[in-house]
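Thanks for making time. I have one structure to show this morning, and I will keep to what can be read from the coordinates.

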Amino acid sequence: MLWMKSLHIIFMVTWFAGLFYLPRLYVYHAEAKDKISDERFKVMERKLFYGIMTPGGILTIFFGLLLIINYDYQGVWLTYKLILVALLVIYHFYCWKYLNLFKNNMNNHSHVFYRIFNEIPVIMLIAIVFLVIYKP
């Protein structure tokens with residue numbers, strides 16, 4: 001069963017790479033003023049979201065569910081972790097929403113907004129790691 005845990009962690013790292021980097025791209029995209037940069041950011045954001053981040057999120061959740069099914073996890077920590085994962089899924093959908101705003105030239109948020117938005121997965125990752133390690 002360690003292979004499931006290993007794959008869960010590998011895909012979690014992949015997912016979080018996207019969750020950390022895509023909003024950072026939004027910061028730079030919101031600051032971009034020229035058409036070439038705008039188009040370049042659109043391509044980078046699309047490839048990151050659909051090619052790395054979304055598959056990483058799906059596979060993280062898939063292997064996490066396999067772990068829950070195959071192990072007898074107990075304690076309130078798992079409930080809290082699942083709540084945080086659900087919030088990350090919502091955050092992921094917000095990333096998709098902002099991706100589409102940029103794609104359609106309808107972004108109305110500043111780079112400052114995206115800098116703050118970029119910190120949310122950091123806080124969630126810290127909480128999830130502490131929950132998994134300490135299992136309160």
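I will go through the overall fold, then the long helices, then a few residues, and finish with the largest pocket.

A caution to start with: this is a predicted model. Everything I quote is computed from it.

The overall fold first. The secondary structure comes to 5 helices and 0 strands, so in sequence order the pattern reads α-α-α-α-α. The C-alpha trace spans about 55 × 25 × 15 Å along its principal axes. There are 136 residues in the protein, and 36% of them count as buried. If you take the contacts with a sequence separation of 6 or more, 82% of them are between residues 24 or more positions apart.

Now the helices. H2 runs from 35 to 70. How far apart should the ends of H2 be, given its 36 residues? At 1.5 Å a residue the expected span is 52 Å, and the end C-alpha atoms are 51 Å apart, so the two values agree. H2 also has a kink of about 35 degrees, and the kink is centred on Phe49. Please keep Phe49 in mind, since this residue comes back as a contact of Leu99.

H3 runs from 76 to 103. With 28 residues, H3 reaches 41 Å from its first C-alpha to its last, close to the 40 Å expected at 1.5 Å a residue.

Just after H3, Asn105 takes a positive phi of about 55 degrees. Asn105 is a residue other than glycine, and it sits in the loop between H3 and helix H4, which covers 111–117. Is Asn105 buried or exposed? Its relative accessible area is 54%, and the cut-off for exposed is over 50%, so Asn105 counts as exposed.

A positive phi also turns up at Lys135, near 45 degrees, again in a residue other than glycine. Lys135 belongs to the segment after H5. Its relative accessible area is 40%, so Lys135 is classed as partly exposed.

Next, some residues in the helices, beginning with His29. His29 lies in helix H1. Its relative accessible area is 3%, so this histidine is buried. What does His29 contact, leaving aside neighbours within four places in sequence? The partners are Asp38, Phe41, Lys42, Glu45 and Phe102.

Leu99, in helix H3, is another case. At 4% relative accessible area, Leu99 is buried. Not counting residues up to four places away in sequence, Leu99 touches Tyr26, Glu45, Arg46, Phe49 and Tyr50. So we meet Phe49 again, the residue at the centre of the H2 kink, and Glu45, which is also in contact with His29. As for Tyr26, it is 73 residues from Leu99 in sequence, and the C-alpha to C-alpha distance is 8.2 Å.

Phe93 is on H3 as well. Which class does Phe93 fall into, buried or exposed? Its relative accessibility is 52%, so Phe93 counts as exposed. For a distance to go with that, Phe93 and Glu39 are 54 residues apart in sequence and 22 Å apart in space, C-alpha to C-alpha.

That leaves the largest pocket. About 580 Å³ of space lies in it. How many residues line the largest pocket? The count is 25, and those nearest the centre are His8, Leu67, Lys81, Ile128 and Val132. By type, the lining divides into 19 nonpolar, 3 polar and 3 charged residues. Helices H1, H2, H3 and H5 each supply at least two residues of that lining; in numbering, H1 is 2–31 and H5 is 120–134.

Lys81 is worth a closer look, as one of the residues nearest the pocket centre. Lys81 has its place in helix H3. At 16% its relative accessible area is under the 20% cut-off, so Lys81 counts as buried. Setting aside residues up to four places away in sequence, Lys81 touches His8, Ile128, Leu131 and Val132. Of these, His8, Ile128 and Val132 are also listed among the residues nearest the centre of the pocket.

That is what I have. I am happy to go back to any of these residues on the screen.

Technical notes: Residues are numbered from 1 along each chain as its sequence is written. This is a predicted model: local features need pLDDT of at least 70, side-chain atom pairs count only at pLDDT 80 or more; totals for chains, interfaces and linings use all residues. Side-chain values use heavy atoms; hydrogens and water are left out. On a 1 Å grid over the protein atoms alone, a cavity is a set of points where a 1.4 Å probe fits but cannot get out, and a pocket is an open set with protein on both sides within 12 Å along at least five of seven lines; lining residues have an atom within 4 Å of a point. Grid points are joined across faces, edges and corners, and a volume is the space filled by probe spheres set on the points. Helices (H or I, at least four residues) and strands (E, at least two) are DSSP runs, numbered from the N terminus. Ala, Val, Leu, Ile, Met, Phe, Trp, Tyr, Cys and Pro count as nonpolar, Asp, Glu, Lys and Arg as charged, and the others, Gly among them, as polar. Buried means under 20% relative accessible area, exposed over 50%, partly exposed in between (1.4 Å probe, protein chains only). Contact means heavy atoms within 4.5 Å. The expected span of a helix is 1.5 Å times one less than its number of residues. The bend at a residue is the angle between axes fitted to the seven residues ending there and the seven starting there.
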